[in-house]
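Biologist: Please show the structure. I would then like to put some questions about its core and its metal site.

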Amino acid sequence: MKFHPSTTSTTALYLLSSLPTSYAWGSLGHETVAYVASNFVSSDTTSFFQTILHNQTDSYLAGVATWADSFRYTAAGRFSAPFHFIDAEDDPPTSCGVKYSRDCPVEGCIVGAILNYTTQLLDPDLDAVNRNIAAKFVIHFIGDIHQPLHDENLDRGGNSILVTFDNVQTNLHHVWDSNIPEKLVGGYSLPDAEKWATALTAAIKTGVYKTDADSWLEGVDLRDPVSTSIKWAEEANQFVCQAVLPEGKDAIVGKELGGAYYEAAVPVIELQVARAGYRLAQWLDLIAAGGKTEL
Ligand SMILES: *[C@@H]1O[C@H](CO)[C@@H](O)[C@H](O)[C@H]1NC(C)=O
Ligand SMILES: *[C@@H]1O[C@H](CO)[C@@H](O)[C@H](O)[C@H]1NC(C)=O
Ligand SMILES: [Zn+2]
């Protein structure tokens, strides 16, 4: 997820130099979303996706959650690079907003991709290889769409806004994908993701998110993946104005974001990862039921 739209050569080199630290919602964000979802899906859904993904362990979703970020850099997967985001042509922080007709180009976007791969999963004639790929895409894209800078065009989703985080040079997109979650959790391994997911799951079941969690599923409609996911994109995009660039781009360019900025961003990131996981669980439940409950 890290590399947003097509990169200039300078920025590509710059970003490559930051690769060893971690790779893109970095792996931690995606795997946490996946573990939260596995904590909420029904047992039928668990078996259904364990079969499709050929993995009977508790990590059947988390283990494939970042596959799409590797695939996009292969020759075979190049076509899928635009599927990781939607470039809202809005004007933050004055005005935020996403429009499918305006912001999803012919080469595709995340909303179109959620439609495409959900439709494929509902096709009983889809072969096992493509079913496996479609599942991996849906698991990944429902994570990406909840990261505010995956729903924003400005400076290629913040990839060209250079900043520092705890004295290390990076860019705004990477700060939201990886630096903030990794500082919060203290690592980015699969066990770190599982630990964070356990805390978020408890917050949904009995803690700070308990009252709101039901409302997170409002508007979820398997028959209409576009209206469902554009709503998720619009909600995340509002955070670009409210939390990512509340005082505009110039207020953060070249600044240190590991202090007060980090503190303010943490609640937004935790909320978005929790929502993504809870919604992914619902979406997978609906798919596993073959749309029968909806149609
Ligand atoms: C299932 O996924 C986990 C996480 O990626 C991995 O460690 C494990 O080896 C996988 N199991 C099988 C049978 O592929
Ligand atoms: C739908 O998925 C197929 C298979 O991956 C892909 O070839 C096609 O480009 C996708 N179409 C859209 C509109 O995303
Ligand atoms: Zn991605």
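Biologist: Which helix gives the most residues to the largest nonpolar core?

Modeller: In this predicted model, that core (buried Ala, Val, Leu, Ile, Met, Phe, Trp, Tyr and Cys residues joined through side-chain atoms within 4.5 Å; buried means under 20% relative accessible area with a 1.4 Å probe, protein chains only, exposed over 50%, partly exposed in between) holds 88 residues. Phe49, Leu61, Ile86, Leu172, Trp176, Ile180 and Trp283 touch the most other members. Helices are DSSP runs (H or I, at least four residues), as are strands (E, at least two), numbered from the N terminus. With 17 residues, the greatest contribution comes from helix 12 (residues 260–288).

Biologist: What is the geometry of the site of the zinc ion (ligand 3)?

Modeller: Asp69 (OD), His84 (ND1), His140 (NE2) and Asp144 (OD) coordinate the zinc ion (ligand 3) at 2.1 to 2.6 Å. Donors are N, O and S atoms within 2.8 Å of the metal (3.2 Å for Na, K and Ca), and water is not among the atoms, so sites may look incomplete. Four donors are tetrahedral if all angles lie between 85 and 135 degrees, or square planar if opposite donors are over 155 degrees apart and all others between 65 and 115. The angles among the four donor atoms here run from 84 to 172°, and the site is irregular.

Biologist: In which helix do histidine 140 and aspartate 144 lie?

Modeller: Both residues are buried. They are four residues apart, about one turn of the helix, in helix 7 (residues 128–144).

Methods
Residues are numbered from 1 along each chain as its sequence is written. Chains are lettered from A and ligands numbered from 1 in the order in which they are written. This is a predicted model: local features need pLDDT of at least 70, side-chain atom pairs count only at pLDDT 80 or more; totals for chains, interfaces and linings use all residues. Side-chain values use heavy atoms; hydrogens and water are left out. Four donors count as tetrahedral if all angles lie between 85 and 135 degrees; four count as square planar and six as octahedral if opposite donors are over 155 degrees apart and all others between 65 and 115; anything else is irregular.
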